[in-house]
Structure formats: C-alpha cells, structure tokens
Amino acid sequence: MNRSKYIQEKRQSSRKRLAFKIALFVTLTTVLVVGVYAVVLKKKAVDAADRAYAALDDRIKSDLRDEVVEPLKDNVSILFIGVDESEKRSQGDSNGRSDALLVATLNNKEKSVKLVSIPRDSYVYVPDRGRNDKITHAHAFGGVPGTIETVEGMLEIPIDYYVKMNFNAFIEIVDALGGIEAEVPYKLTELDENDQRTVNLEPGLQELNGKQALALARTRKLDSDIERGKRQQMILKSIMSQATSIKSITKYGDLIDAVGDNMKTNMTFNEMKSFFEYAKGGMPDVETINISGLDDMSTGVYYWLPDEEGLEQLKLDLQNHLDVSPRSSLVNENSRIINNTDINESADDANF
C-alpha cells in the first residue's frame, strides 16, 4: 500500500469515527433532554394534580358500587361539570349553576368511551331540592356531591369520578393545545367569558382559540339545548384528539399549567395516569349520545322533559357498558316519574 492511499484511508476512518462520536453525542443529548423534560413534566403534573385534588367528604365510592374501582382494571365513569365562576356573574361554589354536564363511561376491555350530554334544563329529581327541578340547579343547591347524586339517580349508574372546570380552564386548555378544529354551524356573535360581545364567527370547519371555542360551546340562542350539548361533545372530542396527537407532546407543560388552578377532581395523580391507557393507540373510540325529550313551556318556564322510554334504554346501555347491574332500590327516590303537579311546584322559583 502506497503512502498516499494509506493517508486517505486513515482520513476516511477518522471522519467515520468523528461522525459516530457526533451521532452518539446528539443521541445521548437528546435522551438526556427528553429525560429531564419528562422528569420536570412529571413533577409539574404531580404538583398540578395535588392542587386540583378535592375529595368528596365521606364518599370513598358510589353507593351503587360494592367496591372501590381501579381504573387500570375496572370500567369507570366520569362526570364533567362546567361552571361559570366569574365575578361578573357572582357565581361561585356556593350558588353557581352548572353550565355543562357530560357523563363519560369507559370500558376497560374495549378501550371505548360513551359520552352523554345532559341538557342543563332537564327536568329531573334533585335530592337537595326534595323534588323535581332543572338539573342545572343541582349544583346551586348541593354543589358537586348534590350534582353527582342527581345524575346517579337520573341515569341509574355509579359516578366514580368528577372533573369540575371553570371557564378559565376551558379557554387555557384549548389555547395550550394551539387551538382546536371545530364546525361552526352558523354565523355567530356571542359573549366571551367576561360577558362582552367580542366573539364573531363565520360558519364552517375552522381552527378556534379558547375564547372562540367557549363561545361556541355556550351559545344556544339560535338552536336548542340539545344542539348545544352536541357542540360540547364535538368540542370535547376535538380537545381529546388534539391532546392525544404526537405533535401536542411538547405542549403538555402548558396544558398542565392550564388545569392546575382551574380544575377540581377526586382523581389522584396515579388514577389520572391510568387513563393514558385509553390513548396509547391514539384517539380512543368515543360514541356521543344525546338524551331525547320534549320542550315544555306549560308553566311559562322552560324545561326539557326527557323521554321516559329513551331514558330507560340509555340507562341500560350505560349499565351494559360499565358492566354493572341495575340497583333500583338505591336510586328509586332519585328517579321519580315526572308529572304536571311537580312542574307547577317548580315553576315558582325556577329562575332564582
């Protein structure tokens, strides 16, 4: 081998070793950065979960459960409660009506979700009222425990967990994700979270920021409470889809910050982590369900009267999805038959 060829091969070998060292350095650095990010993210998540945690007094499990559930192996349910806690409306935990109610049942084996929207004016038995009333008043009179008890009586399923969010959390979550895609059904001029008419939307599929998404979720002036529920389901599914996408991983820090101070739940951090199993393969299968019924203005006050036959079928579907047996003796008081006398009694103070 002549000297020039030897020098050339040595240079090529040196370049290969250098390239290998650079690649190794970049790989190790990347792993280190990702590892540090994961540690920081976990600490941030633990801190946020601790701030959000709010156990229900004297309630370890639902009365409709024989044992405490474990999300990693059991089918469970979650009640989502949206409330307006703005100073503008002077609504807080003590007197705030719920602005949105959605129930999700999660089947562990199928990794499927049923998402039920409950119209806020649904006429049901409210235990803290001692009679039938709008379901939105359950939170005003009984807070989260009263709302859970009312929903359990209405659907005859156990409510294992609750997630209560105010409008700030909703806006910040959507913004932290970089916005969401949603279908706007019609031209919309709506109030923002401060009751200022600043939100203007054109119809069609589009990207919405947090303020716009909240306005779309709240409005019902041009359609109905049922359509409002459908929009809330659509928006929640869009948030879930965005949150489970790979591109959102770097946004999780902002997402955690968004919920930490504006959300309350009885889930621990470890229980929250369990639900990541549903998103391992991407967006889980989510079936949206709306409660059929009729408008009622017989007293001059608007109510939504759930269709009894449809409601009975919904109860059965949810019970099957959770794999629980009907426990009518425990919910009998909460599932009274609606009659005109009850409606007349409630009309006097329906707009308190």
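1. The sheet in this predicted model is open and has 6 strands in the order β11-β6-β1-β2-β3-β12, with mixed pairing; strands are DSSP runs (E, at least two residues), numbered from the N terminus, and two of them pair if DSSP finds at least two bridges between them. β11 (263-265) and β12 (285-290) are the edge strands, each with a single partner, so one side of each lacks a neighbour in the sheet. From one strand to the next the twist averages 20 degrees.

2. Strand β6 (residues 161-166) runs antiparallel to β11 and is joined to β11 by 3 bridges. Valine 163 has threonine 265 in β11 as its bridge partner.

3. Two helices (DSSP H or I, at least four residues) lie across the sheet strands. Helix α3 crosses β1 (76-83), β2 (98-107) and β6, at about 85 degrees to β6. Helix α5 (residues 225-243) lies across β2, β3 (112-117) and β12, at about 170 degrees to β12. Axes are lines fitted to C-alpha atoms, for helices over the stretch in contact (heavy atoms within 4.5 Å), and angles run from 0 to 180 degrees between N-to-C directions.

4. The largest nonpolar core (buried Ala, Val, Leu, Ile, Met, Phe, Trp, Tyr and Cys residues joined through side-chain atoms within 4.5 Å; buried means under 20% relative accessible area, 1.4 Å probe, protein chains only) has 44 residues, and Leu106, Phe170, Ile239 and Phe275 have the most contacts inside it. Helix α3 (residues 167-176) gives the most to this core, with 6 residues. A second, separate core of 29 residues includes Val151, Met154, Ile289 and Leu318.

5. Residues are numbered from 1 along each chain as its sequence is written, and side-chain values use heavy atoms, leaving out hydrogens and water. In this predicted model local features need pLDDT of at least 70 and side-chain atom pairs count only at pLDDT 80 or more, whereas totals for chains, interfaces and linings use all residues.

Key: Buried < 20%, exposed > 50% of the residue type's maximum accessible area, 1.4 Å probe, protein only.
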